[in-house]
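This report describes the fold of one protein chain and the metal site that it carries. The sequence and the model are shown first, and the description follows under short headings.

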Amino acid sequence: MLEIKKLLSSFDPATAVISGADAAWRRLSDLFGCFSDLTAYKAAMALDDALVYSVASSAPADGEGDMHYGAGLIMPGRIGREYFMTKGHLHVWREAAELYIGLSGGGVILMEDESTGESRLAPLQPNHTVYVPGHTAHRTINTGSTPLTYLGIYPAKAGLDYSAIAKKNFRCVVIERNGKPVMVERRSISK
Ligand code: S6P
Ligand code: ZN
């Protein structure tokens, strides 16, 4: 049986730090190729390789039926009209679903069905959940003016597959239009 301290964890909903857990920080330079407006991306990079998001992961056990969770923080900001966001991924084990729980700030999760390419946008806000089904690429986006924090709970064996997104990106982008986030086809927006 797992020792009791492996069964417990604590996180800070303001900073998305999980005590005692590893964390990764993603800066603008780590997101090359993600944003649609390359000119705006280069201009932002010339000013500062800003922190875009962090993610901490708690992985108490790695067996077949075990679960992990991540705590994410995305800074507010935009590159051109596109909001700060995560790289986005599919799970290596495609069947793996994930449950997101909003903690603070406001944003959306962009989902894209791997086989049909169908895109959906789900609001992510405090005390609300978003269920991301298997076989679905997902990217979290901060559409607010304060940091967005959230938890993502997933099967331990889900794994992260960034390769498909790195090759063709998401079909849709989420941009600011008249002060509001809208989802549009990537090919429809002018550079
Ligand atoms: C993992 C889960 C999250 C993300 C985090 C960062 O399955 O979806 O913890 O890892 O939102 O996103 P990304 O795309 O850089 O892994
Ligand atoms: Zn995931």
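## Asn169 and Ala16

Asn169 is buried, with a relative accessible area of 10%. The structure discussed here is a predicted model. Asn169 is placed in the loop between α3 (163-168) and β16. Its phi is near 55°, a positive value in a residue other than glycine.

Ala16 also has a positive phi, of about 60°, although it is not a glycine. This residue is found in the loop between β1 (11-12) and β2 (17-18). With a relative accessibility of 3%, Ala16 counts as buried, the cut-off for that class being under 20% relative accessible area.

## Overall architecture

The protein chain contains three helices and 17 strands. Its radius of gyration is 16 Å, close to the 16 Å that the globule rule gives for 191 residues, so the chain is as compact as a globular protein of that length. Along the principal axes, the C-alpha trace spans about 55 × 35 × 30 Å.

Of the 191 residues in the protein chain, 43% are buried. Contacts can also be considered by sequence separation: among those between residues at least 6 apart in sequence, 70% join residues at least 24 apart.

## The zinc site

Which residues act as protein donors to the zinc ion (ligand 2)? They are His89, His91 and His138, each through NE2, together with Glu98 through OE. These donors lie 2.1 to 2.3 Å from the ion. The site of the zinc ion (ligand 2) is octahedral, with angles of 73 to 174° among its six donor atoms.

In sequence, the donor residues follow the spacing H-x1-H-x6-E-x39-H. His89 lies in the loop between β7 (82-83) and β8 (90-91), whereas His138 belongs to strand β13 (residues 136-142), so this pair ties together parts that are 49 residues apart in sequence. Are these two histidines buried or exposed? His89 counts as buried at 12% relative accessibility, and His138 is buried with a relative accessible area of 2%.

## The sheet containing β13

Strand β13, which supplies the donor His138, takes part in an open sheet of three strands. The order is β11-β10-β13, and the pairing is antiparallel. β11 (119-124) and β13 stand at the edges, each with a single partner strand, so one side of each is left without a neighbour in the sheet. From one strand to the next, the twist averages 20°.

Strand β10 (residues 107-113) and β13 run antiparallel and are joined by seven bridges. One bridge involves the metal-binding histidine itself: Met111 has His138 as its bridge partner in β13. Strands of a sheet pair through backbone hydrogen bonds, either parallel or antiparallel.

## Strand β14 and its partners

Seven of the eight residues of strand β14 (residues 148-155) are buried, so this strand is largely enclosed by the rest of the structure. Strand β5 (residues 67-74) pairs with β14 in the antiparallel sense over eight bridges. Within β14, Tyr154 is the bridge partner of His68.

Strand β9 (residues 98-104) is also joined to β14, with five bridges and an antiparallel course. Here, Ser104 has Thr149 of β14 as its bridge partner.

## Val55 in strand β4

Val55 has its place in strand β4 (residues 51-58). At a relative accessible area of 26%, Val55 is partly exposed. Leaving aside neighbours within four places in sequence, Val55 is in contact with Asp22, Ala23, Ala24, Ala71 and Gly72. The C-alpha atoms of Val55 and Leu151 are separated by 9.4 Å, although the two residues are 96 residues apart along the chain.

## The hairpin of β16 and β17

Strand β16 (residues 172-177) and strand β17 (residues 180-185) pair in the antiparallel sense over six bridges. In this pairing, Val173 stands opposite Val184 in β17. The hairpin has two residues between the strands, and Asn178 takes a positive phi near 50° there.

Key: Residues numbered from 1 in each chain as written. Chains lettered and ligands numbered in written order. Predicted model: local features only at pLDDT ≥ 70, side-chain atom pairs only at ≥ 80, totals over all residues. Heavy atoms only, no water. Donors = N, O, S within 2.8 Å, 3.2 Å for Na, K, Ca; no water. Tetrahedral: all angles 85-135°; square planar, octahedral: opposite > 155°, others 65-115°. Helix = DSSP H or I, 4+ residues; strand = E, 2+ residues; numbered from the N terminus. Buried < 20%, exposed > 50% of the residue type's maximum accessible area, 1.4 Å probe, protein only. Pairing = 2+ DSSP bridges. Axes fitted to C-alpha atoms, helices over the stretch in contact; angles between N-to-C directions. Rg over C-alpha atoms; globule rule 2.2 N^0.38 Å. Contact = heavy atoms within 4.5 Å.
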